[in-house]
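User: I have a structure open here and would like to talk through how its parts fit together. Could you take me through it?

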Number of protein chains: 4
Amino acid sequence: MIDVAIFGAGRIGKIHAGNLVLQAGARLKYVSDVNPQAAQELAAQHGAQVADIERALADPAVGAVLIASSTDTHADLILRAAAAGKAIFCEKPVDLSLERAQACARAVAEAKVTCMIGFQRRFDPTFDALKTRLAAGEIGDPEMLIVTSRDPAAPPASYIKSSGGIFKDMLIHDFDIFRWILADEAVSISATGSCLTDSAIAEAGDIDSAVVSIRTRRGRLCQINTSRRAAYGYDQRFEVLGSKGMLQAANHKPTEVLASTAQSVSQDKPEHFFLDRYRAAYAREIAHFLDAMVNRVPVRTTIEDGVKALQLAEAATLSWRENRTIELSK
Amino acid sequence: MIDVAIFGAGRIGKIHAGNLVLQAGARLKYVSDVNPQAAQELAAQHGAQVADIERALADPAVGAVLIASSTDTHADLILRAAAAGKAIFCEKPVDLSLERAQACARAVAEAKVTCMIGFQRRFDPTFDALKTRLAAGEIGDPEMLIVTSRDPAAPPASYIKSSGGIFKDMLIHDFDIFRWILADEAVSISATGSCLTDSAIAEAGDIDSAVVSIRTRRGRLCQINTSRRAAYGYDQRFEVLGSKGMLQAANHKPTEVLASTAQSVSQDKPEHFFLDRYRAAYAREIAHFLDAMVNRVPVRTTIEDGVKALQLAEAATLSWRENRTIELSK
Amino acid sequence: MIDVAIFGAGRIGKIHAGNLVLQAGARLKYVSDVNPQAAQELAAQHGAQVADIERALADPAVGAVLIASSTDTHADLILRAAAAGKAIFCEKPVDLSLERAQACARAVAEAKVTCMIGFQRRFDPTFDALKTRLAAGEIGDPEMLIVTSRDPAAPPASYIKSSGGIFKDMLIHDFDIFRWILADEAVSISATGSCLTDSAIAEAGDIDSAVVSIRTRRGRLCQINTSRRAAYGYDQRFEVLGSKGMLQAANHKPTEVLASTAQSVSQDKPEHFFLDRYRAAYAREIAHFLDAMVNRVPVRTTIEDGVKALQLAEAATLSWRENRTIELSK
Amino acid sequence: MIDVAIFGAGRIGKIHAGNLVLQAGARLKYVSDVNPQAAQELAAQHGAQVADIERALADPAVGAVLIASSTDTHADLILRAAAAGKAIFCEKPVDLSLERAQACARAVAEAKVTCMIGFQRRFDPTFDALKTRLAAGEIGDPEMLIVTSRDPAAPPASYIKSSGGIFKDMLIHDFDIFRWILADEAVSISATGSCLTDSAIAEAGDIDSAVVSIRTRRGRLCQINTSRRAAYGYDQRFEVLGSKGMLQAANHKPTEVLASTAQSVSQDKPEHFFLDRYRAAYAREIAHFLDAMVNRVPVRTTIEDGVKALQLAEAATLSWRENRTIELSK
């Protein structure tokens with residue numbers, strides 16, 4: 001039985017806790033949050049204790065920690081958990097600073113602890129099945145990847161200001177998808193974008209619409225398109241062209257009702273909220289984390305993956321700002 | 001907090017137990033099964049106790065029972081639970097004998113206990129959304145219902161012999177869908193069928209392929225088609241034509257991957273196994289049962305619904321055997 | 001070069017004429033119509049001559065006639081054209097009277113002339129491809145056929161009165177599809193229906209909504225559902241369940257535009273007008289007719305097919321009127 | 001009645017001739033081709049005469065010419081036809097040289113003749129309907145355009161050598177789609193690509209896989225992805241994200257058959273051959289050309305459109321070769 005401490009009892013913390021307690025072989029022991037009431041409620045629901053981080057890390061019975069607190073605390077908590085020898089699951093991103101993220105990766109490597117970053121999309125049933133079929137050779141060698149990644153609506157400008165910018169905030173997931181699906185690394189990246197939905201975003205120094213082109217070591221090509229606003233909902237698709245065909249991951253729908261009227265033939269819009277869209281993915285990533293601990297196998301999304309996605313986000317930001325193609329060191 | 005006893009710790013019993021423990025306000029107290037080991041394992045998993053039926057029904061703390069044992073025990077357990085004043089959730093069918101089912105309905109009515117029959121399809125997200133939109137008038141008045149209901153493969157002939165025949169065993173669900181969707185009652189029914197997949201089914205006196213036509217009091221029409229074998233999996237669709245359009249409920253797929261190759265453009269086959277297809281429906285029906293108890297509102301699928309579906313199954317069987325249209329008393 | 005005379009210069013006559021002149025090896029020589037202006041216009045458009053039927057049939061150069069005049073003239077024109085030794089293409093139905101249709105079939109057989117009935121649906125690219133794949137064994141032996149056949153809106157009651165009733169007027173096509181797709185003959189048929197769209201139809205002694213069940217010699221099953229009104233347009237689908245899978249023929253759409261908005265995700269409604277839906281089918285049936293003449297091969301849709309579809313329509317009408325299953329002589 | 005001469009009796013010439021003769025108000029008078037037999041056959045089929053270009057242009061009765069000869073003859077024939085005062089329909093591209101294309105545009109402007117370039121995709125029913133709905137405001141202001149444009153298989157390397165390169169040969173159509181759909185002009189363009197299908201293409205100095213990003217005056221974004229090889233066929237899609245939703249143009253399929261077996265649920269692959277995919281578009285563009293002549297309205301695809309698409313192709317080629325973003329003069 002693995003005892004687990006969770007740091008962060010907010011929206012995503014609750015989801016991770018709920019998924020954790022359904023795992024045979026795991027038990028939620030401690031909940032920690034800057035908001036005592038949130039910590040208390042989550043602990044009560046699952047028969048766990050409220051504890052501060054020090055106490056949780058000091059308990060030798062605790063085998064793993066789930067870091068679901070705010071982004072600016074991730075790096076510090078990773079360093080402390082690694083020092084305490086705990087297995088770590090940390091929400092993305094590792095940090096908005098590449099240097100700090102790299103420091104975390106080094107600390108994790110030195111401590112030889114498991115550290116998994118919550119790129120939950122790799123555990124989405126559709127995306128995961130596509131990757132498995134691609135790896136099995138169903139469409140031959142992958143040659144081109146087209147990623148569509150659009151949010152239903154832009155967050156407030158106050159969020160934008162501390163978000164790290166669209167490339168670190170939104171495309172970080174897509175850069176991880178790119179590396180995972182093509183199993184290759186970028187050699188050049190070119191990004192451009194505009195502010196088309198809300199001038200407050202431009203005033204915050206950011207854009208809301210972006211397109212990125214990537215070329216890889218093996219000559220493969222990737223295009224990503226992103227917008228902060230899609231009136232029809234959360235749009236999460238990608239397609240891979242290979243030498244023998246194409247695999248496409250389409251959106252998930254809440255129901256399979258089709259309505260035919262004098263006006264139109266219509267189906268459901270995509271799952272609107274990311275927690276609905278990736279409900280299964282969140283459950284599967286926690287199961288994977290515990291499974292990897294128990295069976296001592298590598299996790300699918302390492303802290304190095306977190307660092308590399310951040311490098312791509314920084315390069316894309318530079319490309320956009322300077323309006324030029326960026327060559328990436330190999 | 002409602003204490004619940006479950007009778008039956010087999011495949012479907014485990015599913016109901018798992019869904020029950022996720023409900024706030026409910027607790028699994030007792031598990032009973034003719035197989036002591038099965039009862040023990042399920043009880044241990046959820047911190048419940050093994051108990052025989054008498055003891056469970058005698059405990060005044062028990063507010064509800066879930067009957068998930070074999071079909072031939074349903075009627076007896078309903079009668080005993082009603083006599084004990086417990087709220088009852090019972091898997092379909094109430095009984096293979098219409099008389100016994102009617103006796104149960106009378107007992108439930110006299111005891112004034114909640115009794116819900118597990119027609120889980122009414123809680124399927126797609127079917128439920130269709131019904132809600134139909135009731136809201138999206139396609140005007142319903143005029144015609146076409147139901148497609150096919151199993152992936154026929155069960156062994158030994159099962160067929162004690163199944164009550166295809167109309168009671170398979171179409172019982174479809175007859176309930178018919179009554180629920182059209183909100184109307186049959187006045188005539190005509191059924192025909194064949195044995196096309198396995199001659200052992202014919203030898204058991206049954207058929208494996210059937211078509212049914214129903215006409216309702218208000219002149220609405222319903223067609224049901226069924227087969228024990230669909231090579232591509234579990235096929236569960238229906239469509240309603242109304243005065244202003246059509247609503248269709250399509251199959252659910254495991255993933256949204258689309259593959260385009262030199263051979264074909266293909267998508268996933270339908271969810272193959274009924275426990276996968278109706279996973280969400282099973283969870284939602286248990287939540288509904290508890291919600292109805294707590295809020296003292298009627299359940300969506302009453303024991304009268306169970307009786308009426310059985311009446312239609314008997315009439316369809318007679319129509320098939322005698323090759324004639326059966327008029328139903330109003 | 002085959003010289004052809006066309007009888008009937010109305011809507012469908014114009015379509016057949018336009019398809020004819022695109023065929024290498026055929027020439028439109030005469031146009032005949034009770035409306036002289038219609039005949040003149042069609043003749044002028046294609047460089048043909050206006051002629052009365054006698055003159056056209058008397059011209060030994062004429063190898064074939066296309067009968068596209070009103071239904072009540074079909075039988076007489078078939079008899080005269082057969083007597084004149086011409087190859088015949090005749091719009092469906094042969095006649096509303098089974099006896100007269102049978103007399104035509106005998107005359108055609110005695111005259112040993114080619115006679116093709118315009119069941120154009122057998123030439124629809126989707127339906128034809130489905131039949132070819134079925135015949136190639138892609139889904140094993142066919143077991144069940146479900147036909148959906150709905151018009152966008154009911155014709156005026158005046159038309160209904162002389163239509164022969166819904167089974168001869170609308171389902172005649174579906175009965176032909178049934179025989180063609182299953183390659184089998186009915187042994188029993190059961191029909192029921194209602195008048196749900198327009199009480200004038202009931203006053204005319206007819207129904208607007210009908211369902212039919214058929215059982216074949218080989219035990220195969222067929223269900224047909226029909227309505228005179230589908231708010232979303234012309235609905236023409238069928239599906240075949242076989243021992244190894246299912247083939248479905250879906251509706252055709254005018255364009256492949258998909259629109260996603262805050263309200264819905266929608267695609268085009270089905271082709272609304274039967275002349276659009278079956279545009280390709282009309283062209284392909286005329287090509288087939290000429291090809292059969294030139295290559296002296298049997299036509300796909302014979303006058304016997306016309307007679308047999310009519311027999312099913314009569315049996316269905318009787319079943320509906322008497323509310324009983326009709327056994328068909330073999 | 002407009003008399004028309006066609007220059008070029010090859011594959012595309014035959015298609016244009018067939019579409020022309022179906023137009024009321026137009027007549028094919030002359031056919032010219034370097035291959036006398038091809039010219040003779042096409043002329044015979046439609047009752048036209050074989051004539052050399054001089055004679056055709058000298059005939060004052062000729063109102064329009066269709067240029068369907070090889071690309072290297074287009075510019076010369078445009079200049080001669082403009083000088084002769086004929087209306088001109090010319091297959092794309094105007095010329096592989098931007099200077100020559102611009103000279104043609106000037107000559108056409110000076111001669112004040114109608115000149116339409118055969119960007120047939122603007123007349124595809126799906127693309128055209130999407131544009132009409134976009135222009136009607138269905139999804140608000142367009143913000144982002146994603147174009148997918150893939151051929152089934154690469155042509156021989158010998159063709160590649162004289163093709164002008166992938167950007168002029170394949171993407172010329174996509175650059176026109178970009179300008180038409182967004183109704184905007186590019187201010188910067190960035191292209192990259194690889195040779196992934198056939199090393200002979202690299203040896204010919206070209207690539208077979210390319211991605212392009214474009215930013216417009218109004219800040220709109222466009223991504224194009226192209227490959228010379230798509231194992232599943234000819235892939236021609238695009239989607240527009242607007243402020244109020246998205247419009248997508250999907251591929252056309254030969255039939256609407258859906259097959260469900262133990263292996264998969266599959267539909268038809270896309271129309272494989274460009275002449276099938278754009279059959280309707282070719283017919284509609286000729287009708288548009290004649291209609292524009294008769295009604296003296298502007299054509300939808302002018303020679304200026306041809307020049308501007310070529311400018312984008314040149315800029316994309318430069319961007320790819322020098323691996324940098326190209327700013328376009330406004």
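**Where two chains meet**

Analyst: A good place to start is the pair of serines where two chains come together, since A:Ser266 stands opposite C:Ser266, which belongs to strand 14 of chain C. Please keep in mind throughout that this is a predicted model.

User: In what sense do the two strands 14 pair, and over how many bridges?

Analyst: Strand 14 of chain A, residues 265-267, and strand 14 of chain C run antiparallel to one another, and their pairing extends over three bridges.

User: How many residues are in contact between chain C and chain A, and how much area do they bury?

Analyst: On the chain C side 14 residues are in contact, and they meet 14 residues of chain A. The two chains bury about 1,000 Å² between them, with 60% of that area on carbon and sulfur atoms. Within chain C, the residues that lose the most area to chain A are C:Val265, C:Gln267 and C:Lys269, which together account for 43% of what that side buries.

User: What about salt bridges and polar contacts there?

Analyst: The count of salt bridges between chain C and chain A is zero, whereas four residue pairs are in polar contact across that interface, with both partners at pLDDT 80 or more. On the side of chain C that touches chain A, strand 13 (257-261) and strand 14 (265-267) each supply at least two residues. Sorted by class, that side of chain C has six nonpolar, six polar and two charged residues.

User: Switching to a single chain, which domains does chain A have?

Analyst: The domain assignment gives chain A a domain 1 covering 2-113 and a domain 2 made up of 122-272 + 302-327. Their C-alpha centres lie 28 Å apart, and the contact takes twelve residues from domain 1 of chain A and 14 residues from domain 2 of chain A.

User: How much do those two domains bury, and which residues of domain 1 lose the most area?

Analyst: Domain 1 and domain 2 of chain A bury about 1,000 Å² between them, 72% of it on carbon and sulfur atoms. In domain 1 of chain A, the residues that lose the most area to domain 2 are A:Lys92, A:Leu96 and A:Leu98, together 55% of what that side buries. Helix 5 of chain A, residues 98-111, gives the most to that side of domain 1, with six residues, and the side as a whole divides into eight nonpolar, two polar and two charged residues.

User: And how many salt bridges or polar pairs between the domains?

Analyst: Between domain 1 and domain 2 of chain A there are zero salt bridges, and one residue pair is in polar contact, again with both residues at pLDDT 80 or more.

User: You mentioned A:Lys92; what is the peptide bond from there to A:Pro93 like?

Analyst: The bond from A:Lys92 to A:Pro93 is cis, with omega near -5°, and A:Pro93 is found in the loop between strand 5 (87-91) and helix 5 of chain A. In chain C, a cis peptide bond likewise joins C:Lys92 and C:Pro93, with omega about -10°.

User: One last topic: in what order do the strands of the chain D sheet run, and which stand at the edges?

Analyst: Chain D has an open sheet of six strands in the order 3-2-1-4-5-6, with parallel pairing. Strand 3 (49-50) and strand 6 (115-118) of chain D stand at the edges with a single partner strand each, so one side of each is left without a neighbour in the sheet.

Terms used
Residues are numbered from 1 along each chain as its sequence is written. Chains are lettered from A and ligands numbered from 1 in the order in which they are written. This is a predicted model: local features need pLDDT of at least 70, side-chain atom pairs count only at pLDDT 80 or more; totals for chains, interfaces and linings use all residues. Side-chain values use heavy atoms; hydrogens and water are left out. Contact means heavy atoms within 4.5 Å. Buried area is the accessible area (1.4 Å probe) that two parts lose on being put together, summed over both. A salt bridge is a side-chain nitrogen of Lys or Arg within 4 Å of a carboxyl oxygen of Asp or Glu. A polar contact is a pair of N or O atoms within 3.5 Å; within protein, one must be able to donate a hydrogen and the other to accept it, and residues adjacent in sequence count only if both atoms are side-chain atoms. Helices (H or I, at least four residues) and strands (E, at least two) are DSSP runs, numbered from the N terminus. Ala, Val, Leu, Ile, Met, Phe, Trp, Tyr, Cys and Pro count as nonpolar, Asp, Glu, Lys and Arg as charged, and the others, Gly among them, as polar. Two strands pair if DSSP finds at least two bridges between them. Domain bounds come from an automatic or database domain assignment.
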